[in-house]
Structure formats: C-alpha cells, structure tokens
Amino acid sequence: MHDLPQQILIGLQLGSIYALIALGYTMVYGVLKLINFAHGDVYMVGAYAGIGAAWLLGTWLPSVVHLPPLIPSPLGAVLVLLASMVICGLLGLIIEQAAYRPLRTRAWIAPALFLGAAVGYVAYGIATNANRTPVSAIIIGIVAWAGLAALLYTTQRRRSPGSGSRLTALITAIGVSLFLENFGVLPQIFSSDPRFFPNDPPIARLAPNVETGLIFTVSLVLMIALTYIVTRTRIGKAIRAVSFDSDAAALMGINTDRVIAFTFALGAALAGAAGVLVFGLQHTKFDPYVGILYGLKAFVAAVLGGIGNIPGAVLGGLIMGLAETLVVAYGPNIGIDSTYRDAVAFFLLILILLFRPAGLLGKFAPEKV
Amino acid sequence: MPLWKRFGGIALVFGLLLLLDHLLYGPSRVAHDQYKEDVLIRCGLAIILAVSLNIVNGFTGQFSLGHIGFYMVGAYVGAALSTYGHTHLFPQLPTDGSPVGLWTSALPILAVSLAGGLAAAAIGFLVGLPSLRLRGDYLAIITLGFAQIILVIVRNIKAVDGATSFTGLPVASQDQALAHVATPHLTSLFWVFLVAALVIWVAYSLRFSVHGLAFLAVREDEIAAEAMGINTTRYKVLAFVLSAFFTGIAGALFAHYQSSLSNESFRFERSIDVVVMVVLGGLGSISGVTIAAVLLTILPEALRPIAQYRLVVYPLLLVILMLTRPQGIFGREEVSRAWLRGQLTSIAGWFSRRPDRV
C-alpha cells in the first residue's frame, strides 16, 4: 500500500473529470428533467476543438504573423482550453435550439436552420458520392434544406406548446448523440482514425507529475467558477428557480427558455474543458466514439449524487473516480480482476440507489396526490 | 372469437412457416439466399425483442434500458448448454456447426430456448425487484447498470470465452474431426418467426385481458391503480420477468444462428436500438412496434448504397420524426381498419384545415 497517496491522487483526477461532465448532466436535468444523452459527445467534440485550437495557435499563427509559437506555453494551453469551452458552449446552445426547444415550443427557425443544414449537407454528400456534378449536388442539398424547413414550418405551427412528452425528448437526445458520433466519423469531418493532441512538444510544457495534479486543480477552479455563477449571479438564481419549479419561475417573470439555453451552454462548456484536460494533458488517443463510455459513467456519477443536485454531481464523480482507480490498483490483490473496472461504477450505483432511491444528496420526495 | 377461427389462425401461421422453411431449406432450396435469410432472421429477432420490451416500457410504463443484458444471458446460457451438453444431451447434432434439419433441431432448440429464457427470467426477477423502489429515470439507469454488469461478468467467464468470442469447445479427442465441438446451428427462419408469432400472440392476449388492464393502470397512474386494489409491485415484476423470458429466448435463438458469439453484439447501444423501435412504433401498440422493428432492421440495409452516410441518416430521421410525429409512427393505437380510416381522414384534414383552428 506504499503508493496509496499516488493512487488517491489519480482517483481524484479521474473523479474530477467525471464531475465536470456530470455537472452538465445534472444542471440540464435540473431545469428540463431531460437526460441529455448527447452530453458525452459534446465532451468528444471538446477534444477535437482543442486539437483544432492547438493547431491554429501552434502551427498556423506563427506561419502568418511573426510571433513565437504559443504552443507549448502555459498561455497557449489556457487559450486552447478557453477556445474549446467557447466552441462547446456554442454547440450546446445549437443542440438545445435545434433539437430540444422545438419539442417544447413552436420555434421553427432555429431547427429549420441547423437541422436543415445537416440534412442538406448529408443530401449533398450522398449526391456527390453518386457522381453528381458539384452544381447539381449543391442544388440537391439546398432543395433538401428547403424541404425540411417547409416541413418544420407546417408541423411546428400546429404544435400545442408544452405537449412534448419526456420520452420523446429522450429519444431526440439519443438521436442527437448518434448524429454527433456518426457525423464525426465521416472522413471529411473528424474521420474514425484515432487522434492525439500534438504530443511533441506537449501543449503546456510542464513536468509529468505536475500535469496529474493540474487536471484536478483546473477542474476545481472551474467548479468554483460554476458555484459562483450559480449561487451569486442573477442568471444563477434564475437557474436555481427554474430547477426548483419551472412553471412558478415562468410566472415570476423568468424567461425560462433563456435560462435553459444558458444552462446548456454552461454545461457544454464544462464538458469541452474536460475533453481538453483529459486528452490534452494525458496524451491518450481519442476517436468520435470516445464520449459514449465517459458520458455514461459521468451520468451514473450524476445519478449517484442525486440528479439535479450540483454538489451531488461533484461528490458522485469523485466517489466513482476513486472507486474505479482503487479497484484497478488493489482489486487484483483481493481477487477482483481489473477488467471489472467498468462494472464498479454500476455496482456502486445499484447499491446506493437501493438504500437512497434519490441518490446521495438528492431529496426523496414521496409522491403526493 | 369462435374456436375454429382461433385454431384456424394458428394453423395458418404454422402452415405458412412450414412452407417458408421448405422453400428455403428443402431439397430444391428455391428461395435460399444467405443475405436475405440473414436480414429476415434479424427482423424476426428484432420483433421478439421489441414486442417483449414493449411489455415493460409500453404496457406498464416502466422504463428499461437494459434489455440487452437479458438477451446476453439467454444467448450465453443457451450456447453453453448446447455446446457443453453436446455429448450427453444432443448426440445426434453435428459437431462442426453445419445447419440441421427442421425436425432434428426441434427438441434441442426447445431445450436451449427454454434454458436461455428461464435464466433470463430469473435475472429479470432480480432486476425487477429494484423497480419496487425506483421510478422513471432512476429505474432506467439501474437497468442499464445491470446490463453493463452482466456484460462485464460474462466478459470474465473463461468457460464461454467471454473476453473474445465463443466459437465452441475444444475437446480432448484422438480424432481430429471431433477435436472441436462448435455451437450447433439450430436456428432457422421457421423457429425465429414461430417464436415471434408466439410473442405477438402472448402480448395481444395479455393486452386485452384483465391482467393487461392492470398493466395499463400501472402505466397511467400508479397511485390510483394501487388505490383500486391492483398489486402494482406484482405486476411490475411480472412484466419484467415475462419480458426477460422472451428476450432470453431471442438470445438463445441468436446464439444458435451465429457461428461465434462475441460480447460486441451486446453493447449498450443495442439496448437503445430496441428502445427506439418501441418508441417509434408507438409505446404500447403491438402492431406498431412490430412494424417499426421490421422497418428499422431493414432501413440500414436499404441505405447500404449510400455507404458512410447511412449512419448519419438514421439519427437525423430519428430527430426529425420525433419533432414531427412524437407519438411514434403508428401512435399508441393498434393498426386496424378503423385506425387506417382515421389516419386517412387526418391526412385529408392536413390539406384543408387552417392551422389557427387546431
């Protein structure tokens, strides 16, 4: 047991990543009562956004302007992190506007724009594959776009607001998740080849031991920032009000749609940061499917702590990270193979839910009639 | 329903399946086409999976995300039984995994499906128990957790090569030809669709029986159902066990169709596929779910010409369908003559009605 402190540090680091992703799940669940399955894939996009930003700052910028390359340097690393957070925040916003909001309201412009763009692009790609000329392929794409926009215009006008069921939203979330993964696999987008962050030189040139602690520290800073936003600002107060009772909040004059959009952006930005932290500092490979398992475990962490509860998500994440690391490190000594690593999370979950059906910090509300 | 009508229906299904089997595998093998057979078998398995998941998700309104775990239990238990019990129980089967005639396979397939189904039902009972305490999303995630745990446990069982793929059993024997006992290839279209017909029949009978009404009452309002004297706990667990039983049978059928059994077939995404079938078909509608299962199995095959884009088209369709037709393609009603008429009227109304007068 001589390296126990080291193992605990690794566990906390993994746990803080789970916590960062779990925060996005739990906040969205709080305001919308929706399991946002696409959240794990936002984390994946965060890693790719980070790689793009690192390329811009390290390779492209020095070749245009006469400046010393920003990568590797602590400043460059911070810029990469921020760029990824901004891109993922925007992605979260787009996902909410294009896929989830039209389920609740009669909004049709944003979904027609973004979903239509996706449909148009896919139609264009299929036409190109079928050896159409570029011009006719573009026309096919635009026609598909317009067709979808017209369809959404007619159906959305007939929607009675607030009629969407939660299951519909869940399936939509699954659809968005599959779309992000499979769209990323297309060879002209991310392709399915595994990628690395520019490893040589690393994006922030620091000693390897420092990096282990750095993930934990940066996550901690982000969580403190989030706590500040949620507890001390106006919009944070609105978020808490909407997750407490969204109908009452709307009656009090809170623009719930704006609060929901902000929550999505906030959660997605945290997931993007997690993507850069994990793959940028650990130099492990990633591909468009990397978000599935991380997303699933982070979601379990959120449920473990009590979904909808922000401190609960952090606690759940840390517990899961520690449990997983300790099982891998010491499990073989007591006869648990390290391949059980993926089962530990779920085993813990079942155990805790059996005794505390609303998670560790969740409040169990008996149903009233 | 008069008796002759009921038995007539059963005889008709049976006769059609026998005819199909004869055309496919008979001496002339008129219609034999490996690819089409493959797709059809996957359709049949999808029907069994979706209709049995519908009992839990559609009838009782509980939300299970972990049905693939029951499928896996059924598959591995069935395969282990037929492979390990080969010499004692089924000595008449070939050891090289070549296809078996219809009547030779009847008894073994009955045995392995029952074994797979019962094992899965036992696990279903275990998983159903937490549903006493948990609701909604918590139940969904706990069933998902059970499925993941089953996956990891099977991966660690060396007897069925869970970590790689189970192709059969090496046997210490002098004779080279007998040195390897493959999992017998028992499953044919006949068996798959016989079970599919059986599941649909059971689901229909259940849906329109007193028990079925109890299931629906649990779905609509658990507290009110309890107040009306329905033992909600009992019905929730019953739904899980019944659904797991048929899912396990599907697993056993699947295991005896594949020449090797790999844990890759039981990933959590497969659970989601089945849930999507149930929701797209319309929760609780047996005919709708059946049609959706067939459509969603054929769709990827139909999209094959567009190569890498087919994986993108499927989720896009899903999102657009949920936006434009949230009650599922066929709604919650059963597909019937009256239903068709209603749909035609509403489509006609689509063109005439002004949107302001919703």
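How many residue pairs are in polar contact across the interface of chain B and chain A? Keep that one in mind while we get our bearings. What you see is a predicted model, and a good place to start is where its chains A and B meet.

The contact draws 64 residues from chain A and 46 residues from chain B. Put together, the two chains bury about 5100 Å² between them, and 77% of that comes from carbon and sulfur atoms. On the chain B side, the residues that lose the most area to chain A are Y138(B), Y309(B) and L323(B), which together make up 15% of what that side buries.

Now back to the opening question: the rule finds five residue pairs in polar contact across the interface of chain B and chain A, counting pairs with both residues at pLDDT 80 or more. Salt bridges are another matter, since the rule finds zero of them across this interface.

Which helices of chain B should you look at here? Three of them, α6 (136-155), α11 (268-281) and α13 (310-324), each supply at least two residues of the side that touches chain A. The top contributor to that side is α13(B), with twelve residues. If you sort the touching side of chain B by class, you get 36 nonpolar, five polar and five charged residues.

Let's stay in chain B and pick out one helix, α7, which runs over residues 189-207. Helix α7(B) has 19 residues and reaches 26 Å from its first C-alpha to its last, close to the 27 Å expected at 1.5 Å a residue. Buried residues turn up at both ends of the list you can make for this helix: L189(B), F190(B), W191(B) and V192(B) are among them, and so are V202(B), A203(B) and L206(B).

Another helix of chain B worth a visit is α10 (residues 232-255), where you'll find T232(B). Is T232(B) buried or exposed? Its relative accessible area is 2%, and under 20% counts as buried, so T232(B) is buried. And what does T232(B) touch? Leaving aside neighbours within four places in sequence, T232(B) is in contact with V218(B), E222(B), A225(B) and E226(B).

Next up, salt bridges. Over all chains, a search of the whole structure finds 14 of them. One sits in helix α11 of chain B, where the side chains of R270(B) and D273(B) meet at 3.5 Å, N to O. These two residues are three apart in the helix, so about one helical turn separates them. Both partners are partly exposed: R270(B) has a relative accessibility of 29%, and D273(B) has a relative accessible area of 24%.

For a network, hop over to chain A. Salt bridges that share partners join E96(A), R101(A), R104(A) and D257(A) into one network. Within this network, E96(A) forms a salt bridge with R101(A), with the closest N and O atoms 3.5 Å apart. E96(A) also forms a salt bridge with R104(A), and there the closest N and O atoms are 3.2 Å apart. How accessible are these residues? E96(A) is buried, with a relative accessible area of 0%, and R101(A) counts as buried too, at 14%.

While we're in chain A, let's check some backbone angles. Most residues other than glycine have a negative phi. Against that background, K33(A) catches the eye: its phi is near 55°, a positive value in a residue other than glycine. You can find K33(A) in the loop between α1 (4-32) and α2 (39-64) of chain A, where K33(A) is partly exposed, with a relative accessible area of 37%. S191(A) has a positive phi as well, near 65°. S191(A) also belongs to a loop, the one between α6 (166-185) and α7 (208-232) of chain A. There, S191(A) is buried, with a relative accessible area of 13%.

Our last stop is a glycine, G147(A), which sits in helix α5 (residues 134-157) of chain A. At 38% relative accessibility, G147(A) counts as partly exposed. Try finding S136(A) too: S136(A) and G147(A) are eleven residues apart along the chain, and their C-alpha atoms are separated by 16 Å.

Terms used
Residues are numbered from 1 along each chain as its sequence is written. Chains are lettered from A and ligands numbered from 1 in the order in which they are written. This is a predicted model: local features need pLDDT of at least 70, side-chain atom pairs count only at pLDDT 80 or more; totals for chains, interfaces and linings use all residues. Side-chain values use heavy atoms; hydrogens and water are left out. Contact means heavy atoms within 4.5 Å. Buried area is the accessible area (1.4 Å probe) that two parts lose on being put together, summed over both. A salt bridge is a side-chain nitrogen of Lys or Arg within 4 Å of a carboxyl oxygen of Asp or Glu. A polar contact is a pair of N or O atoms within 3.5 Å; within protein, one must be able to donate a hydrogen and the other to accept it, and residues adjacent in sequence count only if both atoms are side-chain atoms. Helices (H or I, at least four residues) and strands (E, at least two) are DSSP runs, numbered from the N terminus. Ala, Val, Leu, Ile, Met, Phe, Trp, Tyr, Cys and Pro count as nonpolar, Asp, Glu, Lys and Arg as charged, and the others, Gly among them, as polar. The expected span of a helix is 1.5 Å times one less than its number of residues. Buried means under 20% relative accessible area, exposed over 50%, partly exposed in between (1.4 Å probe, protein chains only).
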